[in-house]
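Me: Please take a close look at one short strand of this model, covering its exposure and its contacts. Then set that part against other strands and loops in the chain.

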Amino acid sequence: MVFSLSVLTAATQAAYFSQQPQDQVVVSGLSVTLPCVIVGYRGMVQWTKDGLALGGERDLPGWKRYSLMGDPLSGEHSLLIDSAELEDDAVYECQATQAGLRSHRAKLTVLVPPSDPVVEGGPVVRLKAHTPHNLTCRASGAKPAAEITWYRDGEVMETAIYSKTLLEDGKKEAAVSMLPIVPEDSDSGRTYTCRVLNPAAPAGRQTSITINVQHPPSVTLSVQPQTVAEGAKVLFICSASANPEITGYRWSKGGVPISEANGDSLEVTVDYSYFTDPVSCEVSNSVGSTNVSTLVDVQFGPRLLSEPKPMTVDIGMDAAFTCAWTGNPPLTLAWTKQGSSVVLSNGNTLQLKGVTQEDAGTYTCKAIVPRIGVAERDVTLTVNGPPILTVDPTQHAVKHSKGKLECRVGSSPPPDKIVWTFGDVSLSSGSSGRFSVQTVTSDHGVSSSLVLSETLAQDFQLRYNCTAWNRFGTGTALVTLKEQEALPMLIIVGGAVGGGCVLLICVITLVSLCCRHTGKGELNGKRCTRLSKSDIRVQIVHSDHNATRGNDDEEDVKEPMAPNSSESPGTSRTEHSDLLEEEEDERSESKDPTNGYYNVRGNEDRHIRSSGFSEYVPNSRPVYTPSQLPSPSPVYGQHGSQPRVYDFSHRYATTTAGRTAYEQQQAAQQQQPAQPASIYPTDPVYSGSAYLPATYGRAFTSYVKPASYEKVDAYDQSDQASKVSSSSRFSYASSQVSSQQSDYGRPSQRMQTHV
């Protein structure tokens, strides 16, 4: 017994570990050897894994990837683990059981590389522009947990948020990295890379994604034109860009959809509401929608927003009216009172402090939009106060007929009572003898009438007092009754006078129309102005064209005769229009203007024709004595000779002269040159033999004959005196020479008949 213990002690003391297992790290999938060498030991050796014995056999049955390596005789008992797995991650120990030896515990760590990282939403991540988003990269199943790094187009992003989580097996870990971004439209198409690594995969692994930045439509709403008048057409244009594509348009005005509009434009006829109610265009796509609104600068006249309300206040209280208008361009407000142009306020509210009865009336709130229009609203202010009486202080009535005195109260409130007082009588209603009171209420107030069934003389001597009462006080007015003439006689006289005037006017009008009609009928047959013998003067002029050839441009002018207040009873009036109608007839046929009295034919100069008429307005002319004779007219003055005044006193008398005597006297007058001394009358005022003594004394007054004649251009069909005598305001104008090819070699004779 003692011998056996001695041997065991010697053996135990002899065995020892020359090599023991140490902590090791192995990557999953690789082989690893845990060394164990015992010197001086020949017994059984076994390994334990986390305290569990693996067995004493060298091939370690039951553990396919485990085996003992080395020469047992040399004491080599190393543990070989082939293709290490995560389950091999444990604490190992080598034991010499017979020698009672145990090695150091060795920790075998098995490393697991991370799988390829996964970025949520990849490979193309669709993001909404301007909306914050976290790009998330996950690396799971690694031991230890993987490290994650973000890159944007190769540039490291330092803003990522990292986290890791131990998995259920207690060994592997999951790592997560979130990269917050706010994508812009310009980020669309950028590449983001997530790279992961751990000791098992030092080279790392990575995954890249591309972001597609999507955005709802970007909308611009424009109006063409921007400023328009009410009633004009405008075009709304809705311009939009979007990613992804636009899916629809929707239009509305003031929040109310416009069902008929579904495109990118809208044409409407605008009114004032477009100035306050915006037009909206909403554009949609799969990401979202964008709504843009705009107003139109519509120019319109005043529109009433708040109408003033009438007020009734007691005297002495305050009153206020409010009215609101809108208009474009900005309007101006003006408060006025009817009957006055004074502007009381320019604001929406009119304040009246301590009103009186004079403040009662109608006030106008006027809105003025420059260059567009004006509008106004009236509002009534009623002021309660003592009665205000409106009466005519003097009223009239006809004696012994019905009479009436009136008194009107137009103030507010209506009078409680109206009393008429006169003499010893006081009457508010009903009747008393010849007097009665009638009261009528209307929109304009209360009217009280004192009616007299028959007016007597004493009624016109009284003073009538009209007094009204209400809760604010009294009002009084005095009326006097005056006697008025009876109207029937005046009406009869006035009617008779008026009727006589009307009858006289009708008779005069009828006679004038008949005379006018008769005169026109005679003129249509021939030119037949009735002439008296004393109104006719015949002038025969002999002129030599060759002698007057140098004066071709001068005119034959006669001065008009002085007007006379008397007219020949045998002369009729000639209308201007009648003379114009006969002008053409005078060109084609010459008539005897004396109607056969002198048997005178027209002008022998075939080249002369009438040209028209000019209006003659007679002017007053002075009477000249020989010393006051005016100088010749400028036209005659060109010849440098004194005009001659014909003396017809020996040719015409108040009785009719014979044609033969006249022709003889005319020939004798032409043979004798006129003496300068005989051209003036001897009497300072018309006298002598130079003027006719009778019946129509102004027939030849002031007729002046030029000393010489020019080329015959025209002849006057009547002189000014005849026009005055016939009361015609028209005269014949000078005639025109129809042809410049007249025969100047032979003398021409011109005969003029002056009326």
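Reply: Helices (H or I, at least four residues) and strands (E, at least two) are DSSP runs, numbered from the N terminus. The model is predicted, so local features need pLDDT of at least 70 and side-chain atom pairs count only at pLDDT 80 or more, while totals for chains, interfaces and linings use all residues. Residues are numbered from 1 along each chain as its sequence is written, and side-chain values use heavy atoms, with hydrogens and water left out.

The part chosen is strand E16, which spans residues 155-157 and holds Val-156. Val-156 has a relative accessibility of 34%, so it counts as partly exposed; the classes are buried under 20% relative accessible area, exposed over 50% and partly exposed in between (1.4 Å probe, protein chains only). Apart from neighbours within four places in sequence, Val-156 is in contact (heavy atoms within 4.5 Å) with Thr-149, Trp-150 and Tyr-151. Further along the chain, Thr-193 is 37 residues from Val-156, and their C-alpha atoms are separated by 9.2 Å.

A loop residue can be set beside this one. Thr-131 sits in the loop that links strand E13 (124-128) and strand E14 (133-142). Its relative accessibility is 33%, so Thr-131 is classed as partly exposed. Its contacts, leaving aside neighbours within four places in sequence, are Ile-181, Val-182 and Pro-183. The C-alpha atom of Thr-131 lies 9.2 Å from that of His-215, although 84 residues separate the two in sequence.

For the chain as a whole, there are seven helices and 51 strands. The chain has 755 residues, and 38% of them count as buried. Of the contacts between residues at least 6 apart in sequence, 67% join residues at least 24 apart.

The N-terminal strands contribute to the largest nonpolar core. A nonpolar core is a set of buried Ala, Val, Leu, Ile, Met, Phe, Trp, Tyr and Cys residues joined through side-chain atoms within 4.5 Å. The largest one has 25 residues, of which Ile-38, Trp-47, Leu-79, Ile-81 and Tyr-92 touch the most other members. At least two residues each come from strands E3 (32-34), E5 (45-49), E7 (66-69), E8 (78-81), E9 (90-96) and E11 (106-111). E9 gives the largest share, four residues. Beyond four places in sequence, Ile-38 touches residues that include Tyr-16, Phe-17, Val-45, His-77, Ala-96 and Leu-101. In the loop between strand E1 (16-19) and strand E2 (24-27) is Gln-20. Gln-20 touches Pro-35, Ser-103 and His-104, again not counting residues up to four places away.

Further along come the paired strands, where two strands pair if DSSP finds at least two bridges between them. One open sheet has four strands in the order E24-E23-E26-E27, and its pairing is antiparallel. Strand E24 (256-257) and strand E27 (289-294) are at the edges with a single partner strand each, so one side of each is left without a neighbour in the sheet. Strand E26 (residues 279-285) runs antiparallel to E27 and is joined to it by six bridges. Within that pair, Val-283 is opposite Thr-290 of E27.

Strand E34 (residues 361-369) is antiparallel to strand E32 (residues 332-337), with six bridges between them. Lys-337 has Tyr-363 in E34 as its bridge partner. E34 also runs antiparallel to strand E35 (residues 373-384), and nine bridges join the two. There Thr-362 faces Thr-380 of E35. E34 and E35 make a hairpin with three residues between them, and Arg-371 in its turn has a positive phi of about 65°.

Another open sheet has five strands in the order E37-E45-E44-E39-E40, and here the pairing is mixed. Its edges are strand E37 (394-397) and strand E40 (425-427); each has a single partner strand, so one side of each is left without a neighbour in the sheet. Strand E45 (residues 473-483) pairs with E37 in the parallel sense over four bridges. His-396 has Lys-482 of E45 as its bridge partner.

To return to the part asked about, Val-156 in strand E16 is partly exposed and has Thr-149, Trp-150 and Tyr-151 as contacts outside its neighbours within four places in sequence.
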